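Here is a friendly walk through one protein model, from a single loop residue to its pockets and its core. Keep the structure open beside you as you read.

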Amino acid sequence: ATPHFYADTDTPDTFFERRDRSMQLLERELKKHRDLPQIKIGAEVHYFHGMSDSEVLKRLTIADKGCILVEMPHTVWTRGMYEELAQIRNKQGLIPVIAHVDRYIGLFYNRSIPEHLENLPVLVQANASFFLNRFTSSMAMRLLHQEKIHLLGSDCHNMGSRKPNLGEAVEKIRSRLGQSALDRIGEYQEIVF
């Protein structure tokens, strides 16, 4: 579970209080059911200039494993943004995970992951919907096969328009690329979660 953290509107204390309160409610409900997956917590941190120097970044990692989920701006990314991502690793020892890269591919005008991103010490996550959409599925499979996508996410926000869809995507990946593609995702998940 990675709720959004926006440095320009959230204070760390307010964010952590809100996240902890939500997690307590969720844990109470989870106790009522059996055989549910374990929930690990982190944050989806909206990119901000200077984040590689931010003391709060280490408190926003996913499951305290040293990975930070970064939501990039929906604009063309500048050289400074790529340098900031590299500095997160260099200064703080954290591995940036680029959230839902599939949302940005149109911005790069090349139907792929930008070369600048490929050359950074980052992991790349794409949403299950990227693999399920008939217009983007082939591209998603190609990028996963080329190991330009490392992780799969649901981007689940509700049970209507943004419902959980990981199972469908996993089955489609298995049928198109085989179990080995899913095994690679699993290896990267061990790093992050």
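Let us start at Ser 54, which sits in the loop between β2 and β3. This is a predicted model, and every value below was computed from it. Is Ser 54 buried or exposed? At 14% relative accessibility, Ser 54 counts as buried, because the cut-off for that class is under 20%. Leaving aside residues up to four places away in sequence, Ser 54 touches Phe 48 and Gln 92.

A second loop residue worth a look is Gly 42, found between α1 and β2 (44–46). Gly 42 has a relative accessible area of 0%, so it is buried. Which residues does Gly 42 touch, not counting residues up to four places away in sequence? They are Ala 1, Thr 2, Pro 3, Phe 15, Arg 19, Leu 60, Thr 61 and Ile 62. Gly 42 and Phe 5 are 37 residues apart along the chain, and their C-alpha atoms are separated by 9.9 Å.

**Open and enclosed spaces**

Rolling a probe the size of a water molecule over the atoms shows where empty space is left. The table sets out three such spaces in this model.

| Space | Volume | Nonpolar lining residues | Polar lining residues | Charged lining residues |
|---|---|---|---|---|
| Largest pocket | about 1400 Å³ | 21 | 13 | five |
| Second largest pocket | about 180 Å³ | one | five | six |
| Largest cavity | about 40 Å³ | five | one | two |

The largest pocket has a volume of about 1400 Å³. It is lined by 39 residues, and those closest to its centre are Ala 1, Thr 2, Lys 40, Ser 154 and Cys 156. Two of these names are familiar: Ala 1 and Thr 2 are also among the residues that Gly 42 touches. Which elements supply at least two residues each to the lining of the largest pocket? They are the helices α1 (12–30), α7 (166–177) and α8 (179–192), together with the strands β5 (123–127) and β6 (151–153).

The second largest pocket has a lining made up of Asp 102, Arg 103, Asn 127, Ser 129, Leu 132, Ser 154, Asp 155, Ser 161, Arg 162, Lys 163, Asn 165 and Glu 168. By class, this lining has six charged residues, five polar and one nonpolar. Ser 154 belongs to this lining and is also named among the residues closest to the centre of the largest pocket.

How many cavities of 30 Å³ or more does a search of the whole structure find? It finds one. Around this cavity lie Leu 144, Glu 147, Ile 149, His 150, Ala 181, Arg 184, Ile 185 and Tyr 188. α8 gives the most to this lining, with four residues. Leu 144 is one of the buried residues of α6, along with Ser 137, Met 139, Ala 140, Met 141 and Leu 143. Glu 147, another lining residue, follows α6 and has a positive phi, near 60°.

**The nonpolar core**

In soluble globular proteins, nonpolar side chains tend to be buried together. In this model the largest nonpolar core has 46 residues, and those with the most contacts inside it are Val 45, Leu 60, Met 72, Leu 117, Phe 130, Phe 131 and Ile 173. At least two residues of this core come from each of α1, β3 (67–71), α2 (79–92), β5, α5 (128–132), α6 (137–145), α7 and α8. Apart from this core lies another, of nine residues, among them Ile 62, Cys 67, Leu 69 and Ala 99.

Back in the largest core, consider Met 72. Not counting residues up to four places away in sequence, Met 72 touches Tyr 47, Trp 77, Met 81, Leu 85, Ile 98 and Tyr 104.

**Aromatic pairs**

A search of the whole structure finds five aromatic pairs. In one of them, the rings of Phe 15 and Phe 16 have centres 5.5 Å apart and planes at 70°, so the pair is edge-to-face. Phe 15 and Phe 16 are both buried, and ring pairs link them with Phe 5 into a cluster.

Why is the pair of Trp 77 and Tyr 82 edge-to-face? The planes of their rings are at 65°, which is over the 60 degrees needed, and their centres are 6.0 Å apart. Trp 77 is buried, with a relative accessible area of 7%, and Tyr 82 is buried too, with 8%.

How values were computed
Residues numbered from 1 in each chain as written. Predicted model: local features only at pLDDT ≥ 70, side-chain atom pairs only at ≥ 80, totals over all residues. Heavy atoms only, no water. 1 Å grid on protein atoms, 1.4 Å probe; cavity = no way out; pocket = protein on both sides within 12 Å on 5 of 7 lines; lining within 4 Å. Points joined across faces, edges and corners; volume = space filled by probe spheres on them. Nonpolar A, V, L, I, M, F, W, Y, C, P; charged D, E, K, R; others polar. Core = buried A, V, L, I, M, F, W, Y, C linked by side-chain atoms within 4.5 Å. Buried < 20%, exposed > 50% of the residue type's maximum accessible area, 1.4 Å probe, protein only. Contact = heavy atoms within 4.5 Å. Phe/Tyr/Trp six-rings, centres within 6.5 Å; stacked < 30°, edge-to-face > 60°.
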